[in-house]
Amino acid sequence: SERIASVMDKMGHKEGDVIQAPMVTKSIERAQKKVEENNFGIRKRLLDYDDVMNIQREAIYKKRNNALSGERLSVDIFNMFESLVSNIAYTFKSSGDYTEFRNECLAQLSIDPAIDETTFNSSSPEAVINIVLRQVMESYNSKKTFLKETLYPIVQRVYQANGDRYKRLAIPYFDGSMHPLPVATEIKPALDSKGESIPVDIEKAITLALIDDKWKEHLRAMDELKDSVQSASFEQKDPLVIYKMEAFNLFENLILTINKEVVSYLTRGQLVFSNANEEEQELKGAKELKTDFTNTQSNKEQEARKAAAAGAGAAPERRVVETIVRTDDKVG
């Protein structure tokens, strides 16, 4: 006690004072700093994953905004045609399969390429691309002229008969698939431009619908990729590096799929009227299209719901609720 008293006197403390142990205080500070560093690392990691999605999101939304406004849409569509033609040419030039090259042009571009097998084998990929691209753009421009000349008189007659009733008209433009896209045109701009805006409205509707559809599928794939790469840490690999590499491949496939779908729908699509004398009855008022992302679910969530529904089987019988009355004394 005398030794403790002497130490307290040296430290300037009196009897009865509360003394904090420096070791305990330092331990608390170190623990709090460790927790804060861990939380900061978690947040930074999430931002690193989100940065990958932001880059992709900006690129897709730029294409989507062009489809909404119509500005630079013609440039985007030409780039889609060029990208798809280049992909077809390089793929089948490397294999030297002219028959499959021709079949792919018929399936994706709706043209029979104006190049024979000898020229195909002796020409460079760039020369094949130039020939096919020039041919497909001439065919597509002729189709746009046909759509304008066919639909503009119909829009005029519909406006004269029901000018105040409709602002937008649905166009029966289908590519023969089981899931046709909703296509519509604005009446007033079509009249003001003498039909020039009608093919543009068709391009806008098709491009926007396909971008939204494929982008939602891509979001689900990215969510599943983020969950799957976490196991890479067991192999002494950085999950973020694996995520970036796989995300890049997924995004490349997304762009290629969008280009294929848009070009294929535009080139294969046809006006389908049930009666040649009743075209106006086929053009009905169209509501403004809106994209709804509220029902977007991951594949795992959908499988979980299906499994739960299958496990439940038939609807269970309704049970009678029995009220339990306590007769014993309540436990304190």
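Contacts in the protein chain with a separation of 6 or more come, for 71% of their number, from residues 24 or more positions apart, where contact means heavy atoms within 4.5 Å. The model is a predicted one, in which local features need pLDDT of at least 70 and side-chain atom pairs count only at pLDDT 80 or more, while totals for chains, interfaces and linings use all residues. Residues are numbered from 1 along each chain as its sequence is written, and side-chain values use heavy atoms, with hydrogens and water left out.

The protein chain has eleven helices and four strands; helices (H or I, at least four residues) and strands (E, at least two) are DSSP runs, numbered from the N terminus. Of the 332 residues in the chain, 30% are buried. Here buried stands for under 20% relative accessible area, exposed for over 50%, and partly exposed for values in between, with a 1.4 Å probe and protein chains only.

A good place to begin is helix α8, which spans residues 197–228. Both K214 and H218 belong to this helix. An α-helix has 3.6 residues a turn, so residues three or four places apart point the same way. K214 counts as buried because its relative accessibility is 13%, and H218 counts as buried because its value is 5%. Leaving aside neighbours within four places in sequence, K214 is in contact with L254, T257, I258 and E261. With the same neighbours set aside, H218 touches Q56, L250, F251 and L254. The C-alpha atoms of H218 and F251 are separated by 7.9 Å, although these residues lie 33 positions apart along the chain.

Several of these partners bring helix α9 into view. This helix covers residues 239–268, 30 in number, and reaches 42 Å from its first C-alpha to its last, close to the 44 Å expected at 1.5 Å a residue; the expected span is 1.5 Å times one less than the number of residues. At the start of α9, the backbone nitrogen of L240 has a side-chain oxygen of D238 within 3.2 Å.

Attention now turns to internal space. The structure holds one cavity of 30 Å³ or more, and the largest cavity contains about 40 Å³ of space. A cavity is a set of points, on a 1 Å grid over the protein atoms alone, where a 1.4 Å probe fits but cannot get out, and lining residues have an atom within 4 Å of a point. Grid points are joined across faces, edges and corners, and the volume is the space filled by probe spheres set on the points. The lining of the largest cavity consists of Y140, K143, K144, L147, Y173, P199, I202, E203 and L266. Two elements, α6 (125–162) and α8, each give two or more residues to this lining, and α6 gives the most, with four. By class, the lining divides into six nonpolar, no polar and three charged residues. Nonpolar covers Ala, Val, Leu, Ile, Met, Phe, Trp, Tyr, Cys and Pro, charged covers Asp, Glu, Lys and Arg, and polar covers the others, Gly among them.

Two loop residues complete the picture. R72, in the loop between α2 (22–69) and α3 (73–95), has a positive phi of about 60° although it is not a glycine. R72 counts as partly exposed because its relative accessible area is 49%. K194 sits in the loop between α7 (187–192) and α8, and its phi is near 55°, again a positive value in a residue other than glycine. With a relative accessibility of 61%, K194 counts as exposed.

Note on methods:
On a 1 Å grid over the protein atoms alone, a cavity is a set of points where a 1.4 Å probe fits but cannot get out, and a pocket is an open set with protein on both sides within 12 Å along at least five of seven lines; lining residues have an atom within 4 Å of a point. A polar contact is a pair of N or O atoms within 3.5 Å; within protein, one must be able to donate a hydrogen and the other to accept it, and residues adjacent in sequence count only if both atoms are side-chain atoms.
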